[in-house]
Amino acid sequence: MTTLIAPPSMPAYSEEDHRVWAALYARQLPLMDRYASRLFLDGLPKLGLDPQRLPDPAVVSERLCELSGWTLGDAQDAYLGPTEWFEHIAERRFPVTNYIRRMDELPFTPMPDLFHEYFGHLAFFTDRRFGDIAQAFGPLYLAADERQRLEIARLWWFTTEFGIMRENGELKAFGAGLLSSPGELQRAFAPETRRVPFDIRRAAEQPSAVYEMHEIYFVLESLEQVYAIICDYARMEGLPRP
């Protein structure tokens, strides 16, 4: 059951902040038909985001709760530590920041900003099955030891943040970090970029690139494979299976 916590309040954004949001939206949306996975394309209209104005977290939180039982939590402008992050996820609560990148950071920002979270992540969370699978990462992480926690965080990273999914024989962006980053989206699908089939051990041992673009991306075959990854890792490591 979702723990009901008041969603973040609407900050007093500047007109420059709204212009950054509008510029990112206008730049990224035309790429979605070519690059985005079907789950994203189906979910984005359900969010009802305004392409010109930054979203009100209370409104989006209420909409998500109705659609999938998820709500928004308040990350303020911090880069949450993994334990705090997965505590939110375990409660079907997605933490969002109140930070928006600067105009000179449009192609890529190392900090998870509003555009990354609302545009990149939240379309997926309109889908109840995706939400159920995402939530399963939380208890798995919280039951793990230090080594396992690092590996579980990487499995989340290379699926929901930077995963690529094969759909009808074509590669599509599944990770929010790709969908919200004009620069990294282009990099991920460049002919010279390394893309490999998802392998649990390889992904668990692959360091995540938090402050720069990635050199390698993992390809998933379906949404249900993400759930299988969680279950298989739990079995391999003797952790409670979701």
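What percentage of the 242 residues of the protein count as buried? In this predicted model, 55% of the 242 residues fall into the buried class. The fold comprises 11 helices and 6 strands, and its radius of gyration of 17 Å lies close to the 18 Å that the globule rule gives for 242 residues, so the protein is as compact as a globular protein of that length. The C-alpha trace spans about 50 × 45 × 30 Å along its principal axes. When contacts between residues at least 6 apart in sequence are considered, 67% of them join residues at least 24 apart. The exposed surface amounts to about 10,700 Å², of which 52% is supplied by carbon and sulfur atoms.

Helix α1, which covers residues 15-35, was examined in further detail. At 1.5 Å a residue, its 21 residues should span 30 Å, and the computed separation of 30 Å between its end C-alpha atoms therefore agrees with this expectation. The helix nevertheless bends by about 30° at L29, and a proline, P30, follows within four residues of that position.

The buried positions of α1 are H18, V20, W21, A22, L24, Y25, Q28, M32 and Y35. An α-helix has 3.6 residues a turn, so residues three or four places apart point the same way. The buried residues of α1 pack against helices and a strand from several parts of the chain, namely α2 (38-47), α5 (114-121), β4 (170-173), α8 (176-179) and α9 (182-188).

Key
Residues numbered from 1 in each chain as written. Predicted model: local features only at pLDDT ≥ 70, side-chain atom pairs only at ≥ 80, totals over all residues. Heavy atoms only, no water. Helix = DSSP H or I, 4+ residues; strand = E, 2+ residues; numbered from the N terminus. Expected span 1.5 Å × (residues − 1). Bend = angle between axes of the 7 residues up to and from the residue. Buried < 20%, exposed > 50% of the residue type's maximum accessible area, 1.4 Å probe, protein only. Contact = heavy atoms within 4.5 Å. Rg over C-alpha atoms; globule rule 2.2 N^0.38 Å. Areas by Shrake-Rupley, 256 points an atom, 1.4 Å probe, with all protein chains shown as cover.
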